[in-house]
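Subject: Structure handover

Hi there,

Here is the structure I promised to pass on to you. Please have it open while you read, since my notes come right after it.

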Amino acid sequence: MSRTERIASTLPVSLAVRSPHQRGKLSRLIGLSLEVRGIRLALGDRILIDAQPRPVRAQVVGFRDDTSIVIPMDDASGLTPGAAVTLDGDAGSVHLGMGLLGRVVDAEAQPIDGLGPITDTHPESWLTPALNPLTRSPINQALDVGVKAINGCLTIGKGQRMGLFAGSGVGKSVLMGMMTRFTEAEIVVVGLIGERGREVREFVEDALGEQGLRKAVVVACPADASPLLRLRSAELATRIAEYFRDQGAHTLMLMDSLTRFAQAQREIGLASGEPPTTKGYPPSVFAKLPALVERAGNSDSAGSLTAIYTVLTEGDDQQDPIADAARAILDGHIVLDRKIAETGQYPAIDIAQSISRVMPKITTPEHASAAMRVKQWLGAYESRRDLIDVGAYQRGADTVVDQAIVKLPAIREFLAQPMNQGSDFEQTQQQLQTLVLG
């Protein structure tokens, strides 16, 4: 043993591990996972693996005895058995600041919008301590999102975490774009996680538009990216939103989607040897979801962080395990219904199936009562829809259903809204009262 090796063996593990001169080798590759030996690595360390034409970045996600299990962040083509492995740079910080506004960045916070480098930022720690539950500021103010159906019947509070549940093609991207453009929030952070690459540009140019992008930061990571980058992009969007909240800004974060985040963790968990449980999801998925979601909310700063996470329901199945887990950890859910969309009503929000758990605390009794009345009418109408459609319902059998039949055209008109039109909170309350009392 050389003198250098003897000295390294007496150092604390953390110091020995961080030596930039240590080298290991790639010993095995199976599916998404790689195995590295000959270098002691810590969980979360980032490494470089020699390959042609350029090194492959990877991250440690587990270990077995003296073997580290890593997942590549880049295309693994060109890797060979025994390829040299070295530690990569520090991945524990990220550059944040006002210079991010109006920009589209990738999972590493690097610009992808062709507008040049990002300035007016400074390094901040990637990891932030979990919020103490007793230091969270209460949710006591409504957040105007500019959408009548939400402002009126599913009022969102500053600091609330909501789920937007929808199948494919039901209008969730358009609804997200409306909220981004018309919300009163000072800063909007949009995370496009695992979306088709084509949809990223469409969202930025069409759904978001120049008006929405002006006060927004977009973090985009397409579906063909490594699962590690998809995870990191969701965490980056959250970290950016936390930063602006802690600067005192009222921040709205829209993440599309929580399902893609869970699927990325499923790929990593299964590749690292975790057993599949519910519908093929390993246990780590259901630990990662609350860890991500709980970072949103109000802290003891002057700002707030309201978060809306889209949840993809396969085949419009509301009992999907991710949808079920999301409902349990969020403060309410907005359900987009395909049948409503097929009638031409947009946004296609099913008020009867949706709920905002903090709405009673942040609205006046008159507002809450009017919203509940609309929900009762819609629920009563839906319960007798089959009879009504075939003409078998007899007027007078149920007074609530009778009222619902009369009010339905006005309710649908109230809930519908063009994508290029906003509706402020006060205006919505007036229209809601007119609907109920008129």
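Below is what I found, going from the whole chain down to single residues.

**The chain as a whole**

Please keep in mind that this is a predicted model. The protein chain has 438 residues, and buried residues make up 52% of them. Along the principal axes, its C-alpha atoms fill a box of roughly 95 × 45 × 40 Å. You will find 15 helices and 18 strands in the protein chain.

The domain assignment gives domain 1 (24-87), domain 2 (93-362) and domain 3 (368-437). Between the C-alpha centres of domain 1 and domain 3 there is a distance of 58 Å. Of the contacts in the chain with a separation of 6 or more, 71% are between residues 24 or more positions apart.

**The nonpolar cores**

The largest nonpolar core holds 61 residues, and I150 and I349 are the ones with the most contacts inside it. Domain 2 (93-362) and domain 3 (368-437) each supply at least three residues to this core. Apart from it lies another core, this one of 52 residues, including V189, L258, V293 and V335.

What does I150 touch, leaving aside its neighbours within four places in sequence? Its contacts are V145, T155, I156, L175, M179, I334 and I349. Two of those names, L175 and M179, come back below among the buried residues of helix 4.

**Helix 4 and the spaces around it**

Helix 4 is mostly covered, with nine of its 11 residues buried. Those buried residues are K172, L175, M176, G177, M178, M179, T180, R181 and F182.

S173 also belongs to helix 4, but S173 counts as partly exposed because its relative accessibility is 28%. Not counting residues up to four places away in sequence, S173 touches F203, A207 and D256. For a sense of scale, S173 and G280 are 107 residues apart in sequence and 27 Å apart in space, C-alpha to C-alpha.

S173 leads on to the second largest pocket, which has a volume of about 500 Å³. Its lining has 28 residues, and K172, S173, E195, R196 and E199 lie nearest its centre. Helix 4 (172-182), strand 13 (187-195) and helix 5 (197-213) are the elements that give two or more residues to this lining. Helix 5 gives the most, with seven residues. If you are thinking about the chemistry of the lining, it divides into nine nonpolar, eight polar and 11 charged residues.

There is also an enclosed space to look at. How many cavities of 30 Å³ or more are there? The count comes to one, and about 40 Å³ of space lies in this largest cavity. The residues that line the largest cavity are V170, G171, V174, L175, M178, L336, Y346, P347 and A348. By class, the cavity lining has eight nonpolar residues, one polar and no charged ones. L175 thus appears in the cavity lining and among the contacts of I150.

**Two residues further along the chain**

Is E366 buried or exposed? E366 sits in helix 12 (residues 365-383), and E366 is exposed because its relative accessible area of 51% is over the 50% cut-off. E366 and P117 are 249 residues apart in sequence, and their C-alpha atoms are 51 Å apart in space.

T428, in helix 15 (residues 425-437), makes a good counterpart to look at. T428 counts as buried because its relative accessibility is 0%, which is under the 20% cut-off. Not counting residues up to four places away in sequence, T428 touches K148, N151, G152, F414 and S423. The C-alpha atoms of T428 and G146 are separated by 9.0 Å, although the two residues are 282 residues apart along the chain.

If you want a place to start in the viewer, you could begin with S173 in helix 4 and the second largest pocket, where S173 is one of the residues that lie nearest the centre. From there you could move to L175, in the lining of the largest cavity, and then to I150, which L175 contacts.

Happy to talk it through whenever suits you.

Best wishes

Note on methods. Residues are numbered from 1 along each chain as its sequence is written. This is a predicted model: local features need pLDDT of at least 70, side-chain atom pairs count only at pLDDT 80 or more; totals for chains, interfaces and linings use all residues. Side-chain values use heavy atoms; hydrogens and water are left out. Helices (H or I, at least four residues) and strands (E, at least two) are DSSP runs, numbered from the N terminus. Buried means under 20% relative accessible area, exposed over 50%, partly exposed in between (1.4 Å probe, protein chains only). A nonpolar core is a set of buried Ala, Val, Leu, Ile, Met, Phe, Trp, Tyr and Cys residues joined through side-chain atoms within 4.5 Å. Domain bounds come from an automatic or database domain assignment. Contact means heavy atoms within 4.5 Å. On a 1 Å grid over the protein atoms alone, a cavity is a set of points where a 1.4 Å probe fits but cannot get out, and a pocket is an open set with protein on both sides within 12 Å along at least five of seven lines; lining residues have an atom within 4 Å of a point. Grid points are joined across faces, edges and corners, and a volume is the space filled by probe spheres set on the points. Ala, Val, Leu, Ile, Met, Phe, Trp, Tyr, Cys and Pro count as nonpolar, Asp, Glu, Lys and Arg as charged, and the others, Gly among them, as polar.
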